[in-house]
Amino acid sequence: MFVRNRQSLFFTLFMPLMIMVIFGFVGLDKTPKISLGIVVDQPTAATQQFINDLKKFEAFDVTQGSENAERVALKKGERVAVIIMPSDFFPNPADLVISPPPAGGKNTAPLQPSYSKLKPKTLVMLENVAQQQFAKTAESIIRQMLDKTTLGIVQAPTFFEVQAENVSVKSTKYIDFLVPGILGMALMQMAVFSVAFVFADYKEKGILKRLLATPMKPQQFVTAQVITRLIVALAQSAILLAVGVWLLHTHVYGSLWLVALIAIVGSVMFLGLGFTISGLANTVDSVPAIANLIVFPMLFLGGTFFPISGMPQIMQSIVTYLPLQYLTHSLREVMANGAGLNAIAHDIYWMLGWAVIMVTLAMFTFRFEERRV
């Protein structure tokens, strides 16, 4: 019965997989490059070397063109900054003046170049005010490169050194944050929509009422439906995790058995909500309106796609009690941080509490017969 229901299959498997793959390949955790335009006519060898060094810098996406073209691109927002520099911005070795030996004296030391006659050159940097943060970052990097070049030209001694050491840490990317959220969303969609649509349809067609005339007890039919969906929840979790690990290279640091336990508790919690909605809906057409009114806000406020810590404090105090938030948080703690049962006990208790509330509401609203007006 579950497999024949196309709506249930769509909300259970295909939609979560589609969302996870799309967001996974978008690469939201990648650092955006700073689009930089350079205007210079017939650069000298030293100036061209500086431009080549800028192009090798991973943070920059460098485009070299005419001043008019780069100014137009800047006004369109296609450039973070545009650099206008003279062709001979950096001095060539031939430009350096060699200091002569003192008159009437012997000079055994090697001749030293003199920089006193070099005129300072001006580099003009046009910055996009709409992307001021990236523009200031580009300006800071270029200033550091120029300072380093200046010290190299004058052959100044190095007084300070930075010793960098690599520390092995756990790699956490956006996909490691996303997959547990998608898994929690999929469990909620499966539990709510598959139950609400199916039982509202059976009730509207009178199938549930005819079941009362059979030797099977109503609680047996409901229990079979619940067990079926718990099995589907485990299969659904396994498929989503397999796709996330194999295709999107996400990490699962915690216990898979603990993930299965969370999936079962979360499914029971939302199955209660699904039976409640099917009890409130008189027809199949009214199911999406009631279900989306409850489910849709939780998709964005329950920590599925972004952390709730970025929300205003007054909103955090409200959304932190949403059922989906406890499900996604516990999944994320186990999968991304390798947490144990004691670390997520708070989330488990809250999900069990919500499950009691949902099941209680379902007992008062769900009926095998349509409501009589």
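## Exercises on strand β1 and helix α12

In this predicted model, 4 bridges join strand β1 to strand β3 (residues 81-84), and the two strands run parallel.

**Exercise 1. Work out which strands pair with β1 and which residues stand opposite each other.**

Step one starts from β3: within this pairing, Leu 36 stands opposite Ala 81. Step two turns to strand β2 (residues 60-64), which is joined to β1 by 5 bridges and also runs parallel to it. Here Ile 38 of β1 is found opposite Gln 64 of β2. Step three adds the helix: together with β1 and β2, helix α2 (residues 45-56) makes a β-α-β unit, and this unit is right-handed.

**Exercise 2. Decide whether strand β1 is enclosed or open, and sort its residues by the way they point.**

The general rule comes before the particular case: in a regular strand, side chains alternate between the two faces of the sheet. Applied to β1, the sorting puts Ile 34, Leu 36 and Ile 38 one way, while Ser 35, Gly 37 and Val 39 point the other way. The next step is to check burial, for which the cut-off is a relative accessible area under 20%. Because 6 of the 6 residues of β1 (residues 34-39) are buried, the strand is largely enclosed by the rest of the structure.

**Exercise 3. Describe the surroundings of Ser 35.**

Ser 35 has its place in strand β1. Its relative accessible area is 15%, and since the cut-off for buried is under 20%, Ser 35 counts as buried. Leaving aside residues up to four places away in sequence, Ser 35 touches Asp 61, Glu 78, Arg 79, Val 80 and Ala 81. With one of these, Glu 78, there is a polar contact, in which the side chain of Ser 35 reaches the backbone oxygen of Glu 78 at 2.9 Å.

**Exercise 4. Find out how the buried and exposed residues are arranged around helix α12.**

Begin with the helix itself: α12 (residues 345-365) has 21 residues and reaches 30 Å from its first C-alpha to its last, close to the 30 Å expected at 1.5 Å a residue. Next, list the residues of α12 that are buried, namely Ala 345, Asp 347, Ile 348, Met 351, Ala 355, Met 358, Ala 362 and Thr 365. These cover an arc of only 165° around the axis, and therefore they lie on the same side of α12. On the other side of α12, Tyr 349, Val 356, Met 363 and Phe 364 are exposed. Finally, ask what covers the buried residues: the cover includes α8 (256-280) and α11 (323-337).

How values were computed
Residues numbered from 1 in each chain as written. Predicted model: local features only at pLDDT ≥ 70, side-chain atom pairs only at ≥ 80, totals over all residues. Heavy atoms only, no water. Buried < 20%, exposed > 50% of the residue type's maximum accessible area, 1.4 Å probe, protein only. Pairing = 2+ DSSP bridges. Right-handed = clockwise from strand over helix to strand, strands pointing away. Polar contact = N/O pair within 3.5 Å; in protein donor to acceptor, adjacent residues only side chain to side chain. Contact = heavy atoms within 4.5 Å. Expected span 1.5 Å × (residues − 1). Arc of directions from axis to C-beta.
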